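Me: I am new to this model. Could you take one pair of packed helices and go through it closely, along with any hollow spaces beside it?

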Amino acid sequence: MILEVKGGRFSYDNKKDVFSDVNFSVSSGELLAILGPNGAGKTTLLRCMTGMLKWKDGKSLIDGSDIRRMGEKKLWGIMSYVPQARGAATSYSALETVLIGRSSNLSLFSSPGKHDIEKAESVLEELSIAHLRDKPLSKMSGGELQMVLIARALVSDPQILILDEPESNLDFKNQLIVLNTISRLASDGICCIFNTHYPEHALQRADRSLILSGGKTIFGSTSQVLTEENIERTFGVKAIIGEIETPHSVFKNVVPLKLSDDNALIEKSDDEDALASITIIADDFEKANHINALLHEYGDIIIGRMGMPYRKRNVFIINTTFDGKKSRIEELSHRLSLIPSVSVKTVYQKDTEQHK
């Protein structure tokens, strides 16, 4: 399934556009992150793409069909939306709240039945929040409430899941729980889109990213969109993108250094050739097809490859050498790093000119 936005434009007063000429697509199994400064229109963009707000120009498409021509029941049987969790005063329990998400599966005037209750309980169990079954929303923490809202969205078995800042205002533990849940849902084949204020979350989780700033957008693979240059021009801060190496993998991180005065959105222009080696270790042999498919996409820059299963540890190891544009090598490394149960390490040849 593919969700597309073509030529999207929106304004509240028909005078000044919030954004214009928005174009992107995201497919089943992909995770798209939308970033931008406060007030850029990220939530508005989500509401437009779901049909909750009407585009002034452009359209949202699901598998090529304009969502405006779909009935609401059909649309919301395909798509689910998770709003920002800002606290709740209601006395509804988690189970009652999740059951509301079954409304698209019920006929008019009908009530949830045994199957619906079993489905809701199953989703609560799947998200490891079954212990919240009877707890009122008004007594939940922000992290608990966010997970219940995600459960409410998932109970209708959506193929497209859209989340508005799902990890905001949460502590580290609850941020990880939410992010791990979204990543797992994407790996299970759901098309996931989320707004975020955290570039590092996009770098560590998202296949693709869209930056929204000054009414303009830039969209593409996360490794190419979230550059130091674009972070500076979008958020008005000079930042560095660094790598944190653990015994299992390498993670991208963003460190802001100082304020910048230049807020013009640009794309990274330098793209030099590079020689690099990527080492992959996976403990799930079912991931082999996914890894091989990705390597096949970049076959034109592969100059050497060696793979072997290591039965003693029940893992397989692949070492691949590349000679090509650094941007493509970075893109592949990033996509590989998003596969669950896969450890990835990329090493580049030293710049010999700097060491003479």
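Reply: What follows describes one helix pair, then a cavity and a pocket.

The model is predicted, so local features need pLDDT of at least 70 and side-chain atom pairs 80 or more, while totals for chains, interfaces and linings use all residues. Residues are numbered from 1 along each chain, and side-chain values use heavy atoms, without hydrogens or water.

Helix H5 covers residues 142-154 and helix H6 residues 172-187 (DSSP runs of H or I, at least four residues; strands are E, at least two). Their axes, 9 Å apart, make an angle of about 15° (lines fitted to C-alpha atoms over the stretch in contact; angles run from 0 to 180 degrees between N-to-C directions). H5 and H6 are therefore roughly parallel (under 35 degrees). Their crossing is right-handed (the near helix is turned clockwise from the far one by less than a right angle).

On the H5 side, Gly-143, Gln-146, Met-147, Ile-150 and Leu-154 make the contact (heavy atoms within 4.5 Å). They meet Asn-174, Ile-177, Val-178, Thr-181 and Leu-185 of H6. The contact has 6 nonpolar, 4 polar and no charged residues (nonpolar: Ala, Val, Leu, Ile, Met, Phe, Trp, Tyr, Cys, Pro; charged: Asp, Glu, Lys, Arg; polar: the others, Gly among them).

Gln-146 also lines the largest cavity, together with Gln-84, Ala-85, Arg-86, Glu-165, Pro-166, Ser-168 and Asn-169 (on a 1 Å grid over the protein atoms alone, points where a 1.4 Å probe fits but cannot get out; lining residues have an atom within 4 Å of a point). This cavity holds about 40 Å³ of space (the volume filled by probe spheres set on the points, which are joined across faces, edges and corners). Its lining divides into 2 nonpolar, 4 polar and 2 charged residues.

H5, helix H2 (72-78) and strand E6 (79-82) each supply at least two lining residues of the second largest pocket (an open set with protein on both sides within 12 Å along at least five of seven lines). That pocket holds about 360 Å³.

Conventions
Angles under 35 degrees count as roughly parallel, over 145 as roughly antiparallel, 65 to 115 as roughly perpendicular and the rest as oblique.
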